[in-house]
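I sat down with my notebook and a fresh structure today. Here is what I looked up, in the order I went.

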Amino acid sequence: MSSLLLSYNDLPSKLKRCYLSAEEDEEMETIGEEYFGILAPRSFFQEFEKSYDNRIIKCKMHDMVHDFAQFVSENECLSLEINGSEELDVTNSLDEKVRHLMLIIGEGAIFPVSTRRIKRMRSLLIDGGRSDHSSLNGEILEELFRELTSLRALDFCESYHSRSSLTPEIPRNIEKLVHLRYLSLSFQHIEKLPETLCELYNLETLDISGCFDLEELPKGIGKLVNMKHLLNSRTSSVRYMPVGIGRLTGLRTLGEFTKACRLESLKNLEHLQICGIRRLGYVSD
């Protein structure tokens, strides 16, 4: 069996409309859940993992479904594990037709700079959990952001137990990823997010959960008008919530709303479905 790499909420809206029959004003997430509920009992998906509130957060697809998915996407999807110095082999493996790439960086391996030549890549998942140190410094990230401007999903696939992490700061030129819908920086040791992140007007999901060293969110976060899911739980170092959070009227999920911001900032978030509220010791009213 094979794990699903992205959840439904991670998919760009245009891709959702290719697979789901819905009108423009309908909630795609709701319809997607209905479709999932129909397919799951028919063994399309198995081995469900649920959260504390009984929501399905992970599952696996059946072997037959996996084999069929591989058949129809064999030229577009690729998963590579890199161990030691294998840049030459990686260069030969990468094809310009690849649209969705998962890189597993093993111990002693370096990030393959040849990745930048896949100009039309849509999804990039980087798992560096097996490496002893970060192979993604600021210079490499700058180059990736400069070249892979067609990305829709970027996920660094870290976890609480990972030994590697990104550079403490994300390069300013992340603004070049103008088509990005999904960005996961969870459990990274980043200290600051650049204000240029707020130029990613198409961003729908930002996952910074578990970023224990993060001190503040960008002041211009209110410009991310298409944001639906701000996953910011376990970010206890963040000192305050920007005032602009109240302008994200499309938010469905707000992982953690913390002190030093008036609760009335939430009044315009009419679509909010999940919201965690923490550290209210400073609330006067």
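My entries below go through aromatic pairs, a surface patch and cavities.

**Entry 1: what I am looking at.** I noted at the start that this is a predicted model.

**Entry 2: aromatic pairs.** How many aromatic pairs turn up in a search of the whole structure? I got 3. One of them joins Phe 36 and Phe 48, which sit edge-to-face at 6.2 Å centre to centre, with 80° between the planes. I then checked where the two rings come from: Phe 36 belongs to helix H2 (residues 28-39) and Phe 48 to strand E2 (residues 45-50). They are 12 residues apart, and the pair links distant parts of the chain.

Next I asked how well covered each partner is. Phe 36 has 25% relative accessibility, so I put it down as partly exposed. Phe 48 comes out at 36%, so I wrote partly exposed for Phe 48 too.

**Entry 3: a second pair to write down.** Phe 187 and Phe 212 also pair edge-to-face, with 6.2 Å centre to centre and 65° between the planes. Which parts does this pair tie together? Phe 187 is in the loop between strand E8 (182-184) and strand E9 (205-207), while Phe 212 is in the loop between E9 and strand E10 (229-231), so parts 25 residues apart in sequence are tied together.

Is Phe 187 buried or exposed? I entered Phe 187 as buried because its relative accessibility is 15%, and the cut-off for buried is under 20%. Phe 212, at 34%, goes down as partly exposed.

**Entry 4: back to the first pair.** I wanted to know which residues group with Phe 36 and Phe 48. Phe 36, Phe 45 and Phe 48 form one aromatic cluster.

**Entry 5: a nonpolar patch.** On the surface I found a nonpolar patch of about 370 Å², and I listed its makers as Phe 68, Phe 71 and Val 72. I followed up on Val 72, which is part of helix H3 (residues 63-72). Why does Val 72 count as exposed? Its relative accessibility is 54%, and exposed means over 50%.

**Entry 6: cavities.** Last, I looked for enclosed space. How many cavities of 30 Å³ or more does the structure hold? There are 2. I took a closer look at the second largest cavity, which has about 40 Å³ of space. Its lining is made by Phe 111, Pro 112, Val 113, Arg 116, Ile 140, Glu 143 and Leu 144.

That is where I closed the notebook for the day.

Conventions
Residues numbered from 1 in each chain as written. Predicted model: local features only at pLDDT ≥ 70, side-chain atom pairs only at ≥ 80, totals over all residues. Heavy atoms only, no water. Patch = residues over 30% accessible without salt bridge, like charges linked within 9 Å, V, L, I, M, F, W, Y side chains within 5 Å. Areas by Shrake-Rupley, 256 points an atom, 1.4 Å probe, with all protein chains shown as cover. Salt bridge = Lys/Arg side-chain N within 4 Å of Asp/Glu carboxyl O. Helix = DSSP H or I, 4+ residues; strand = E, 2+ residues; numbered from the N terminus. Buried < 20%, exposed > 50% of the residue type's maximum accessible area, 1.4 Å probe, protein only. Phe/Tyr/Trp six-rings, centres within 6.5 Å; stacked < 30°, edge-to-face > 60°. 1 Å grid on protein atoms, 1.4 Å probe; cavity = no way out; pocket = protein on both sides within 12 Å on 5 of 7 lines; lining within 4 Å. Points joined across faces, edges and corners; volume = space filled by probe spheres on them.
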